[in-house]
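Trainee: I have a new structure open and would like to learn how to read it. Could we go through it together, one question at a time?

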Amino acid sequence: TTLENPFSNAFLTAQDKARASNNNLSQDKFNFFSHRSLFLTRNQKWRQHMLLATRPLLKDRNLSINGKEALKDVPENIVVMPLTDSSAFVGATSPHASSRHVFKLGVIKDVRLLCLFRFKLWWMIPRTGSSASDIPLETQMLLLEARQGPTSSQSTYIIFLPVLDGNFRSSLQGNSSDELEFCDPAVVTSESPKAVFVNYRDHPFDLVKDSMMILEKQFGTFALRETKQAIQTPGMLDWFGWCTWDAFYSDVNPQGIKDGLMSLSQGGTPARFLLIDDGWQDTINEFLEQGEPFVDGLHRLANIKENKKFRRIANEANSKTPSDLKEFISDIRTFDLKYVYVWHALLGCWGGLVPNAVATKNYDPKLRYPILSPVYLANMRDISMDSMGKYGICLVDPDKISQFYDDLHGYLASQDVDGVKVDAQNILETISAGLGGRVWLTRRFQQALEGSIAANFSDNSIICCMAQSTDSIYHLKQSAVSRASDDFYPKEPTTWARHVAAVAFNSILHGELVVPDWDIDKPGRHDFKILQRLVLPDGSVLRAKYPGRPSRDCLFTDPVTDGKSLLKIWNLNKCTGVIGIFNCQGSWPVPSTNKAFQMVTSSELSGQVSPACVEYLEEPMEGSLNVALKPLECDVFTVSPIKVYCEGIEFAAIGLMNMYNSGGALECRSWLLRCISCSINLKDEDFNFNDQLNLLTITIPPTHNSSWDIAIY
């Protein structure tokens, strides 16, 4: 077929006509092919133009991302290095080198924003606001919402992540002029071109995930949670665990542990994972010996072996004390424990190692006094950190840290310990002067730690703790579990609600790299009505697929101190979604004051729960339910897609109705038409059907089976 040329011959060049003549093509035919090529070229250029429009672009002193203004009045010394179609590094230069640079990035006003910032040396909490003056010191993630228009419900999300640029570690902060700033007061430099990573997406959770994937490839110093899950995550994650800290603190002892395990077993929620926290080690508390008031945790490690509570000495032949840690662990395995972990600090113990002791001299520990940065002094103080600043920390020689970890973990493995919780990991930033800086020192210790874990334990058996500085976060190469917030304080009810909120918000960032670990409980104080809705009779738990995070409509609200907002936390199972909704109104810590908490009185609050609160459900999201909760009240909702089968049968699988995460019990669904009956593992069972609720229930007989094949015909 001869195709007419849709374009003017003026577009043809002499070269085009010669090429047509040489190929014996008719002019019209060639014109079509030639101009189709021209059209494609124009399309490609148009696409390139569109991509350039979406890329972070610094023009006329404004930083625009996807056509949205992210920063105004950007200073001349700011540099932008495009990275992908949507992301870039933002940095700055200075004519002189200094360790006190505070670089201004530009103005942020009239937006909704969420910050994750370090309010203590060890931990982050969230803060929301509308301008840069709301951004606190030590902000480690900044998320902005940019509306498509004043009346639009569509949003674009922009993220700012301060990262590690060589040995330069940046953090964000705002000033009273609504200017966003970044700084690192510890490194002398005149430039940091890759201090802050910027990216955008239309989906907030995809944005964080995509950003961390880009940074993982750029830096190679950490790995994503999903990458670790594909290789190996600790098996204890799928079992109910008990930590001894709030039960005994440092007075933990063999009989108390046995009593705790017995209590949980008799309550129908047997622990299959035990963490023996601080108190089992052979330590010396020099501060107590000097007549100082006792401050728990400020002791130094005298020996890598267990203390006399867990090891019988020669003249105690008739003692009930176990001969050693191995004998004790063998004894408590009778409770069907699958995993036993023990605690130690990154430096062995809180105060490091005892200097000049026979058992520690091989590691050449040296006393160093922490340098407390202005940022630390401006945020909430920590009594243990203040004491370490006064008495010093005895640091293992960095050249011998691999040997120390290997000796410690090798001994623990010989005692049938399965893994460790490693605490106080952010301490290195305070004692890194003269040792290569905080970033380099953290990298060295983390590599040594993870190398020793891999060499001495199976199953990637480590829980990181007190490690919510980006020094540590961006060096989590193998570690797959980490505590996600400050401690749960059972004696301080004002902290309970904020603990829930802090873990959920921190998991937006932290959960991309690790499985976030929550906190603790005490024997004799257990509420078995609650525990039995969390723990199955065999000790396993119904764990959802992802870290629990705030629903999209909660991202820029303050569910702890605004006096009006409920907190919704969403997750997915294999077949269903789950939403927890909490009245967390109460208190946040108040940095830079002597007040421990900011209190907000709250009455009953109302809100709505919708299937749309659950991300990634590939189903219609219509409908909502009204919810009213008093302070410290909560509720849990299962979201189950309705499947339509032949003959108009509509079916939604809910799961184990007496469990909080009922849908976590569902593995899969399939359809086969037969007579009306129900069976469990091929055995017919009775069932109940409620005509009013259209609810069919089956009672599973008591059994030790870990899975049930339930057929509903």
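Trainee: Let me start with a cysteine: is Cys 465 buried or exposed?

Mentor: Happy to help, and do keep in mind that this is a predicted model. A residue counts as buried when its relative accessible area is under 20%. For Cys 465 the relative accessibility is 1%, so this cysteine is buried.

Trainee: Which cysteine sulfur is closest to that of Cys 465, and why is there no bond?

Mentor: A disulfide is a covalent bond between the sulfur atoms of two cysteines. To count as one here, the two sulfur atoms must lie within 2.5 Å. The gap from the sulfur of Cys 465 is 8.8 Å, which is too far for a bond, and the closest partner is Cys 464.

Trainee: How far is the sulfur of Cys 613 from the closest cysteine sulfur?

Mentor: Cys 613 is also a buried residue, at 7% relative accessibility. Its closest cysteine sulfur belongs to Cys 554, and this is again too far for a bond: 7.1 Å.

Trainee: How many disulfides does a search of the whole structure find?

Mentor: We have just seen that the sulfur of Cys 465 is too far from its closest cysteine sulfur for a bond. The sulfur of Cys 613 is too far from its own closest one as well. Searching the whole structure gives a disulfide count of 0.

Trainee: Let's turn to a helix. Why are the buried residues of H8 on the same side?

Mentor: Helix H8 covers residues 325-332, and its buried residues are Leu 325, Phe 328, Ile 329 and Ile 332. They share one side of H8 because the arc they cover around the axis is only 95°.

Trainee: Which elements do the buried residues of H8 pack against?

Mentor: Start from the buried residues themselves, among them Phe 328 and Ile 329. Their packing partners include two helices and three strands: H6 (254-266), H11 (401-414), E17 (273-276), E19 (300-306) and E20 (339-345).

Trainee: H11 has an aromatic residue, Phe 404. What kind of pair do the rings of Tyr 363 and Phe 404 make?

Mentor: A search of the whole structure finds 19 aromatic pairs. For Tyr 363 and Phe 404, the ring centres are 5.2 Å apart and the planes stand at 75°. Planes over 60 degrees apart count as edge-to-face, so the rings of Tyr 363 and Phe 404 are edge-to-face.

Trainee: How many residues apart are Tyr 363 and Phe 404?

Mentor: Both are buried, as Tyr 363 has a relative accessible area of 5% and Phe 404 has one of 0%. Tyr 363 lies in the loop between E20 and E21, while Phe 404 is in helix H11. The pair therefore links distant parts of the chain, with a separation of 41 residues.

Trainee: Which residues form one aromatic cluster with Trp 570?

Mentor: This cluster is made of tyrosine, tryptophan and phenylalanine residues. The partners of Trp 570 in it are Phe 205, Tyr 546 and Tyr 616.

Trainee: What is the sign of phi in Asp 364, positive or negative?

Mentor: Most residues other than glycine have a negative phi. Asp 364 sits in the loop between E20 and strand E21 (366-368), and is partly exposed at 28% relative accessibility. Its phi is near 50°, so the sign is positive.

Trainee: And what is phi near in Asp 416?

Mentor: Asp 416 belongs to the loop between H11 and strand E23 (419-423). With a relative accessible area of 35%, Asp 416 is partly exposed. Its phi is positive too, near 70°.

Trainee: Last one, on sheets: which strands stand at the edges of the sheet E38-E37-E41?

Mentor: This is an open sheet of 3 strands with antiparallel pairing. Strand E37 (residues 678-680) pairs with E41 over 3 bridges, and in E41 the bridge partner of Ile 680 is Ile 710. An edge strand has a single partner strand, so one of its sides has no neighbour in the sheet; here the edges are E38 (683-684) and E41 (710-712).

Conventions. Residues numbered from 1 in each chain as written. Predicted model: local features only at pLDDT ≥ 70, side-chain atom pairs only at ≥ 80, totals over all residues. Heavy atoms only, no water. Buried < 20%, exposed > 50% of the residue type's maximum accessible area, 1.4 Å probe, protein only. Helix = DSSP H or I, 4+ residues; strand = E, 2+ residues; numbered from the N terminus. Arc of directions from axis to C-beta. Contact = heavy atoms within 4.5 Å. Phe/Tyr/Trp six-rings, centres within 6.5 Å; stacked < 30°, edge-to-face > 60°. Pairing = 2+ DSSP bridges.
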